[in-house]
Amino acid sequence: MSQMPQQAPVSKCPSCEEPLEPGDRFCGACGYDLSVVPAPPEDSPTVVMNGAAPGPGPARDEVDWPTARDSDGQGRPAPVHAAAELPGTDSGGSPLPPQEPSAPEEPARETAREAQEHSSGVRLDRPAEPDEYPLQAPAPRSAPEPAAAAPAAGAGGKVCVACRAGRVDRDGYCENCGHAQPRERDHMEQESGPVAAVSDRGLRHHRNEDAFSVGCTALPDGAPATVAIVCDGVSSATRPDDASLAASRAAGESLLGALPRGTHPQQAMHDAILAASHAVNALAAEPATAREQAPHQNAPACTLVGAVVTAGLLVVGWVGDSRVYWVPADRATPPARLTEDDSWAAQMVAAGLMSEAEAYADERAHAITGWLGADAYELEPHTASFKPDRPGVVVVCTDGLWNYAESAQEMAEATPLDAAVRPLHSARVLVGHALDGGGHDNVTVALLPFPAPPQGAGSA
């Protein structure tokens, strides 16, 4: 679950580490301006995957894409280049570091603190929840048998997921063993052709505030295209579960509607993020449901990350700190992280104020600086396009997973070797990896094989 985008008070000066008092605007020892928050790195819509310099002309795949606006400042999409190797680059166009720091044993994102508004546009998560809850979702790696194979429980009755014999009453409890049944969003799975996604509540939270949307469609020339959107609700906002659900549905519908019309995938991703933003903003003006909440809470908010895969093109888009990883089928070649977090730690590193290890060890590391919601200061959708020269799988996930496999290499090691042909099974394995690691957050992951296989192909 994403952190509430609000900045926590600074306890020590970032420059000289002198202790600070609440409300200080300047360091009393060195005069450092404490209100300075470095600007996020500029988005580079099209990135060369191996970091090589662009060629003399734009390289396009075989589909005659319409022009994508706002790509290079002159109304033309930036060129897409084939890659000889696949180390990847970040959304600012800089080469990715050879290694990334491992995730801490206890994810810093779950630090409980009071949400506070600041002009810097940063939110911190405030999960006011006990450590454990009695309601537990079924194990994601061993999905329950279909209801048709279970004992009959009466007309229209549900069968208990625990004893597989008793009927579930209207209150959600088994009449045979008394076991509380998981809610619909506690554990969700979906497979659409070659793309699949799994979302789980995790082991520490009372509800699942993640959501996803997956689908497959065809481009105007009949070539296949697959789509995945993953959203992470901001936990200290009002109705974060509603926000993530509205955003994922709006973005998914936008992409599946635009691609068959011939819209360039990069432009379609940009428009989908805007559509998701409008859907989340609309939730802030719903009095029928809003009056059930505390009157002075933050507007509904969430993060978003998505991917579009065609026969030769990979497009990613994001706002927030959910991520996309590239895992090649040949594990002898390097994997890559294809997104750059909108977070406090990423900004500190980009500004040169902290090393990566120092920034991610700070309790403010996972405070997000970009999100979807009516109280967002300025929406800056990030998009990037890639043209891998080899098959692989695209992993789209929330921090509930990457907290336990942060570097690209760690994610590749956690991903099954047959992920491209068994995406649903592999998504279950990755969710299980997060739960085995502690399950401190909601966990959502979607897998898309690259290149997109012909329509009708699915998990083996």
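# Strand 5 and its surroundings in a predicted model

Strand 5 and strand 6 (residues 314-319) run antiparallel and are joined by six bridges. That pairing is a good way into this structure, which is a predicted model. The chain has 460 residues, and 53% of them are buried. Its secondary structure comprises eight helices and twelve strands. Below you will find strand 5 and its partners, then a threonine in strand 10, the salt bridges, and two backbone details to look for on screen.

**The chain as a whole**

- The accessible surface adds up to about 19,300 Å², and carbon and sulfur atoms hold 51% of that area.
- Among contacts in the chain with a separation of 6 or more, 70% are between residues 24 or more positions apart.

**Strand 5: how it is covered**

- Strand 5 spans residues 301-309, and nine of its nine residues are buried, so the strand counts as mostly covered.
- On one side of the strand you will find Ala301, Thr303, Val305, Ala307 and Val309, all of them buried.
- The other side carries Cys302, Leu304, Gly306 and Val308, and these are all buried too, which leaves both faces of strand 5 covered.

**Strand 5: its partners**

- With strand 6, a pair to look for is Val305 and its bridge partner Trp318.
- Strand 5 and strand 6 are also linked by a hairpin, which passes through four residues.
- Strand 4 runs antiparallel to strand 5, and eight bridges join the two.
- Within that pairing, Thr226 stands opposite Val309 of strand 5.
- Strand 9 (residues 372-373) also pairs with strand 5 in the antiparallel sense, over two bridges.
- Here Cys302 has Leu372 of strand 9 as its bridge partner.

**Thr383 in strand 10**

- Thr383 belongs to strand 10, which covers residues 382-386.
- Is Thr383 buried or exposed? Thr383 has a relative accessible area of 5%, so this residue is buried, the cut-off being under 20%.
- Thr383 and Gly306 are 77 residues apart along the chain, yet their C-alpha atoms are separated by 9.4 Å.
- Gly306 is one of the buried residues of strand 5, so you can use this glycine to find your way from strand 5 to Thr383.
- The side chain of Thr383 makes a polar contact of 3.5 Å with the side chain of Gln266.

**Salt bridges**

- Side chains of opposite charge can pair when their charged atoms come close.
- How many salt bridges does a search of the whole structure find? The search finds twelve.
- Arg167 and Glu175 form one of these, with 2.7 Å between the closest N and O atoms. Arg167 is partly exposed at 37% relative accessibility, and Glu175 is partly exposed at 48%.
- Arg207 and Glu209 form another, with the closest N and O atoms 2.8 Å apart. Arg207 is partly exposed at 25% relative accessible area, whereas Glu209 is buried at 2%.
- Arg390 and Asp389 meet through their side chains in a salt bridge of 2.9 Å, N to O. Arg390 is buried, with a relative accessible area of 19%, while Asp389 is partly exposed at 38%.
- The value for Arg390 is 19%, and the cut-off for buried is under 20%, so Arg390 counts as buried.
- A network of salt bridges links Arg323, Arg337, Asp341 and Glu406.

**Two backbone details**

- Which peptide bond is cis, with omega near -5°? The bond runs from Phe450 to Pro451.
- Pro451 sits in the segment after strand 12, a strand that covers residues 443-450.
- Arg239 has a positive phi of about 50°, although this residue is not a glycine.
- You can find Arg239 in the loop between strand 4 (224-233) and helix 1 (240-258).
- Arg239 is buried, with a relative accessible area of 6%.
- Strand 4, which comes before this loop, is the strand that eight bridges join to strand 5.

Note on methods:
Residues numbered from 1 in each chain as written. Predicted model: local features only at pLDDT ≥ 70, side-chain atom pairs only at ≥ 80, totals over all residues. Heavy atoms only, no water. Buried < 20%, exposed > 50% of the residue type's maximum accessible area, 1.4 Å probe, protein only. Salt bridge = Lys/Arg side-chain N within 4 Å of Asp/Glu carboxyl O. Contact = heavy atoms within 4.5 Å. Areas by Shrake-Rupley, 256 points an atom, 1.4 Å probe, with all protein chains shown as cover. Pairing = 2+ DSSP bridges. Polar contact = N/O pair within 3.5 Å; in protein donor to acceptor, adjacent residues only side chain to side chain.
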